[in-house]
Amino acid sequence: MPRFWKGRTSSWNEGAQLIAPLLRPGPGERILDACAAPGGKTTHLSALAEGKAEILAADVSALRLRMLREVVARTGAPGIRATLHDLSRAPLTPSSGLFDKVLVDAPCTGMGVIRRNPDAKWRFRPDGPRRMARVQSAILRNAWDAVRPGGLLLYCTCSPLKEEDEEVVRAFLAERPEAVVAAAPDGGPGPPDACTEDGFLRLYPHRHGTDAFFAALLRKG
């Protein structure tokens, strides 16, 4: 606990730890974390960039942004600025083409974490994936506007459901010809069998011992 409160360590699922390295953030880069709170992946991006990236952490919730600021303060992660914004409604302005890399850790049904939060399955509704997919698609389109030509966007969820994952990404690729699936650096972090034939990352509790995660790395041509 002393190490935690001194900002020297954080505790979170292994699957979540594999997300930020897919973007390979580097010093001097401008990075947008589009759904940033409560801040675990935001501070991880900062650490991977050696604290030398310029990171804008956006979130729709003022309360959750306060949590993010507390995490940033506890860890001492440099280069992070927080802003209140709903990317499901509109792009950030002015931000068109300003960011080298964008992380969209999209809101989802959360069905990938039910092994740790079994009560979540009782809150699941049959129309949940369809409703969330509309929100996820809107966030993805608006966040894409912020990516510079040649830049990267990483879309991820903690859901195993294709309606929130592959189907969202494929629909987006169909409407944005400049978007292509990018190969993860050096094969990407995590187990070798977590990479799908489509080039996406898929983690499963029964196979990898992590929460269920999906990630798609896209490059703007």
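Okay, let's start with the rings: searching the whole structure turns up three aromatic pairs. Before I go through them, please keep in mind that this is a predicted model.

Take Trp144 and Phe172. Their ring centres are 5.3 Å apart and the planes sit at 80°, so we call this pair edge-to-face. Where are these two residues in the chain? Trp144 belongs to helix H6, residues 128-144, and Phe172 to helix H7, residues 166-175, so the pair ties together parts that are 28 residues apart in sequence. And both of them, Trp144 and Phe172, are buried.

Now for Tyr155 and Phe214. Here the centres are 6.5 Å apart with the planes at 70°, so this pair is edge-to-face. Tyr155 is in strand S5, residues 147-157, while Phe214 is in strand S8, residues 213-220, so this contact ties together parts that are 59 residues apart in sequence. Tyr155 and Phe214 are both buried. There's also a cluster to look for on your screen: ring pairs link Tyr155 and Phe214 with Phe200.

Tyr155 gives us a nice way into the strands. In S5, Tyr155 is the bridge partner of Val104. That's part of the pairing between S4 and S5, which run parallel and are joined by six bridges. How does the chain get from S4 to S5? It goes through H6, and this β-α-β crossover is right-handed. H6, remember, is the helix that holds Trp144.

S4 has a partner in S1 as well. Those two pair in the parallel sense, over three bridges. If you want a spot to click on, Leu32 has Val102 as its bridge partner in S4. So how covered is S4, residues 99-105? Mostly covered, I'd say: seven of its seven residues are buried. One general point while we're on strands: in a regular strand, side chains alternate between the two faces of the sheet.

Let's move to Glu29, which is in the loop between helix H3, residues 20-23, and strand S1, residues 30-33. Is Glu29 buried or exposed? It comes out as buried, with a relative accessible area of 17%, and the cut-off for buried is under 20%. Its side chain makes a polar contact with the side chain of Lys101, at 3.1 Å. Setting aside neighbours within four places in sequence, the residues in contact with Glu29 are Arg24, Ala53, Glu54, Asp100 and Lys101.

Next, cysteines. How many disulfides does a search of the whole structure find? Zero. Cys156, for one, is in no disulfide, and the nearest cysteine sulfur to it, in Cys158, is 8.4 Å away. Cys156 is buried too, with a relative accessible area of 0%. What about Cys158? Its closest cysteine sulfur is the one in Cys108, at 3.5 Å, and that is too far for a bond, because a disulfide needs the two sulfur atoms within 2.5 Å.

Last stop, a proline. Pro126 is in the loop between S4 and H6, so if you follow the crossover I described, you'll pass it on the way. Unlike the buried residues we've looked at, Pro126 is exposed, with a relative accessible area of 77%. As for Pro160, it is 34 residues from Pro126 in sequence, and the two are 14 Å apart in space, C-alpha to C-alpha.

That's the tour, so let's open it up for discussion.

Terms used
Residues numbered from 1 in each chain as written. Heavy atoms only, no water. Helix = DSSP H or I, 4+ residues; strand = E, 2+ residues; numbered from the N terminus. Buried < 20%, exposed > 50% of the residue type's maximum accessible area, 1.4 Å probe, protein only. Polar contact = N/O pair within 3.5 Å; in protein donor to acceptor, adjacent residues only side chain to side chain. Contact = heavy atoms within 4.5 Å. Phe/Tyr/Trp six-rings, centres within 6.5 Å; stacked < 30°, edge-to-face > 60°. Pairing = 2+ DSSP bridges. Right-handed = clockwise from strand over helix to strand, strands pointing away.
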